[in-house]
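Open the model in your viewer and keep the sequence panel at hand. We will go from one selection to the next.

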Amino acid sequence: MGVRRMNPEPPVPSDASGAVAPEALRKQYESGATVDELVAASGLSYGTVLNQLHDAGTLMRTSWQTRRMRQDPHARQRLAAHLRTLYEQHGATLTELAAAAGETRRAARRLLIEAGGSVRTTQQTLRMRTAARAAERRKLALSLRAGYEAGATVPDLAREHSYSIATVYRLLHQADTRMRPQHRHGPARDARKRP
């Protein structure tokens, strides 16, 4: 039984010899056509279409993925753009993109490339994540410094941020914080109250 199409696909183009080019089949498939529709449009057998798609490196969908894609023709583009943002701005790995998309790593990689992204090496990802962690740590250190200079004590900051006192001291020193005398951890304004 043939698959009824809401939006009939145009005929699959062929190369100069009259044979259907695998890349043409792949393009049609990735635009939402099913294998049955490609068989009908090309005149090729089901097995031949599958082999051609495989030769072109096509990532095959499940039937529910095809339904989801057809319900919203722009879903793939939006997903690809979202994955690119995660990858480029948040340092996500291909494995993490696959988990976010509910796809395989290979499918996530293809979506990333479709959105105009470039795949990083493992070393580039590690460097990106290290830099992001360093920036986040610097931001935290400056936040602790602001709290300390506003009068908070080191124990107060440790409790508020769920860090050890030693960690708070280390971060304050990294932020070049001018420390109050150690025998008095309270706010600097307390000094004015002494006789």
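## Stop 1: a salt bridge in the opening helix

Select R26 and E23 and show their side chains: the two meet in a salt bridge, with 3.7 Å from N to O. Keep in mind as you look that this is a predicted model. Why can these two residues reach each other along the helix? They sit 3 residues apart in helix α1, which spans residues 22–30, so about one helical turn separates them. Colour the pair by accessibility and you will see two classes. R26 is buried, at 17% relative accessible area, because the limit for buried is under 20%. E23, at 49%, is partly exposed, because exposed would require over 50%.

Now add E30 to the selection. E30 also forms a salt bridge with R26, and here the closest N and O atoms are 3.3 Å apart. Both residues belong to helix α1, with their positions 4 residues apart, about one turn of the helix. E30 counts as buried, with a relative accessibility of 18%.

## Stop 2: another pair, in helix α8

Move along to helix α8, residues 122–149, and select E149 and R145. Their side chains form a salt bridge whose closest N and O atoms lie 2.9 Å apart. How far apart are E149 and R145 in helix α8? They are 4 residues apart, so the separation is about one helical turn. R145 is partly exposed, at 27% relative accessible area.

Go back to the first stop and add R110 to the selection. Salt bridges with shared partners link E23, R26, E30 and R110 into one network. Over the whole structure, a search finds 7 salt bridges. As background, side chains of opposite charge can pair when their charged atoms come close.

## Stop 3: charges over rings

Next, select R120 and Y87. The charged end of R120 sits over the ring of Y87, 3.7 Å from the ring centre. Then choose R180 and Y148, where the charged end of R180 lies over the Y148 ring at 3.9 Å from its centre. If you go looking for aromatic pairs, how many does the structure hold? The count is 0.

## Stop 4: D36 in helix α2

Select D36, which has its place in helix α2, residues 35–42. Is D36 buried, partly exposed or exposed? Its relative accessible area is 35%, so D36 is partly exposed. Draw a distance from its C-alpha atom to that of V49: the two are 9.0 Å apart, with their positions 13 residues apart along the chain.

## Stop 5: zoom out

Switch to a cartoon of the whole protein. You should find 10 helices and 0 strands, giving the pattern α-α-α-α-α-α-α-α-α-α along the sequence. Of its 195 residues, 32% count as buried. A surface view covers about 12700 Å² of accessible area, and 54% of that belongs to carbon and sulfur atoms. Among contacts with a separation of 6 or more, 58% join residues 24 or more positions apart.

## Stop 6: colour by confidence

Finally, colour by pLDDT. The protein averages 80, and 83% of the residues score at least 70. Select residues 1–11: pLDDT stays under 50 there, and the model has 8 contacts beyond four places in sequence for this stretch. Residues 13–18 also stay under 50, with 6 such contacts.

Terms used:
Residues numbered from 1 in each chain as written. Heavy atoms only, no water. Phe/Tyr/Trp six-rings, centres within 6.5 Å; stacked < 30°, edge-to-face > 60°. Lys NZ or Arg CZ within 6 Å of the ring centre and 35° of its normal. Buried < 20%, exposed > 50% of the residue type's maximum accessible area, 1.4 Å probe, protein only. Contact = heavy atoms within 4.5 Å. Areas by Shrake-Rupley, 256 points an atom, 1.4 Å probe, with all protein chains shown as cover. pLDDT = per-residue confidence, 0-100. Salt bridge = Lys/Arg side-chain N within 4 Å of Asp/Glu carboxyl O.
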